[in-house]
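Trainee: Hi! Could you walk me through this one?
Mentor: Happy to. Have a look, then ask away.

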Amino acid sequence: MANIKKIGVFTSGGDSPGMNAAIRSVVRTCAYLNVECVGIYWGYQGMIKGDFKLMNARSVHNIINKGGTILKTARCEEFRTKEGRKKAYDQLQAAGIDAFVVIGGDGSFTGAMIFNQEFGFPVIGIPGTIDNDIFGTTFTLGFDTALNTVVEAIDKIRDTASSHNRLFFVEVMGRDVGHIALNAGVGAGAEEILIPEENLGRERLLESLKRSRSSGKSSSIVIVAEGDKTGKNIFELKEYVEANFPDYEVRVSVLGHMQRGGAPSCYDRVLASRMGVRAVEALLEGKTNLMVGVQDNQLILTPINKAIKGHTKIDKELIRVSEIMST
Ligand code: ADP
């Protein structure tokens, strides 16, 4: 057992639903195991400033169902510098914090890993991002909720699309990866799904839309991940399709930040609760520089450097299913 008596917990980078459930789990696990727990506000920014608050089991009541993060989150340029990280280390030392749990994405983990290398400070990561782009876990916190949010929005867009015989381009989050687009696209029955991992070209898109039209479809939904390169952007793609395929009225809907909000799904709440317990236990077992992930419904620990470097691959089987479903 490591000699850890006080654990810090914070959220960092982009927020995602389920972060509160993870904070709650870390705080309650500490309380259960008689370890002190300190909430660090505003991510690395708050760490540098010493924005800390001692938390107990009651500090986290009524938050499992809330989106966002009660500890707030921030991006912090200063933490990218050695001087900034030294300030953060001094603050943690002064507060008697022996280890921390970071809930965040790729960038937050990189910061934690560097911090661990420089100061030998024990760190464990919990993947909190709607993008699901972290290696070492099949699901990140917030992904499932974001999918449900997107599917619900597309269902509504479909109602208006089919009432007017319109073609809708719906942009969803995913600058580098198409997990949200692909999964929500299949779930919402989209005709086409455009993702950054696959660029099949505009002509193929036109052909496919024409095929759908001649097979009797009167409206269509095309899901476009933010980072897709089929068009310069979704508006330019709309203009291209309108110019070359006048049969449809084309509309664009950019879902934007609503995808990050909302009450976490049951899946995300359960996953967050499990990951929080495992993160605290791992620190007390003397483990460090690891991320808690889930694979085959079992919790696993992956070295943070692998979680950062190894990008998750898009599910080819799901691409095939989406092709078959849009027949
Ligand atoms: P996310 O965790 O959602 O990927 P960011 O990429 O914005 O979000 O990273 C969150 C924060 O992590 C950054 O604002 C910065 O403070 C810290 N961070 C990211 N990359 C590094 C790095 N290379 N060195 C030190 N800190 C970093």
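Trainee: Which helix gives the most to the shell around the ligand?
Mentor: Helix 4 (residues 106-119) does, with six residues. Helices here are DSSP runs of H or I with at least four residues, numbered from the N terminus. Keep in mind that this is a predicted model: local features need pLDDT of at least 70, side-chain atom pairs count only at pLDDT 80 or more, and totals for chains, interfaces and linings use all residues. Residues are numbered from 1 along each chain as its sequence is written, and side-chain values use heavy atoms, with hydrogens and water left out.

Trainee: Okay, and which residues come nearest to the ligand?
Mentor: R75, C76, G105, G107 and S108, out of 16 around the ligand. Being near takes a heavy atom within 4 Å.

Trainee: How far is the backbone of C76 from a ligand oxygen?
Mentor: A backbone N or O atom of C76 is 2.6 Å from that oxygen. For G107, a polar backbone atom lies 2.9 Å from an oxygen atom of the ligand. Polar contacts like these are pairs of N or O atoms within 3.5 Å.

Trainee: What about the side chain of R80?
Mentor: An N or O atom there is 3.2 Å from a nitrogen atom of the ligand.

Trainee: New topic: where does the ligand sit?
Mentor: In the largest pocket, as more than half of its atoms lie within 2 Å of the pocket's grid points.

Trainee: What volume does that pocket have?
Mentor: The largest pocket has about 860 Å³, the space filled by probe spheres set on the points.

Conventions
A polar contact is a pair of N or O atoms within 3.5 Å; within protein, one must be able to donate a hydrogen and the other to accept it, and residues adjacent in sequence count only if both atoms are side-chain atoms. On a 1 Å grid over the protein atoms alone, a cavity is a set of points where a 1.4 Å probe fits but cannot get out, and a pocket is an open set with protein on both sides within 12 Å along at least five of seven lines; lining residues have an atom within 4 Å of a point. Helices (H or I, at least four residues) and strands (E, at least two) are DSSP runs, numbered from the N terminus.
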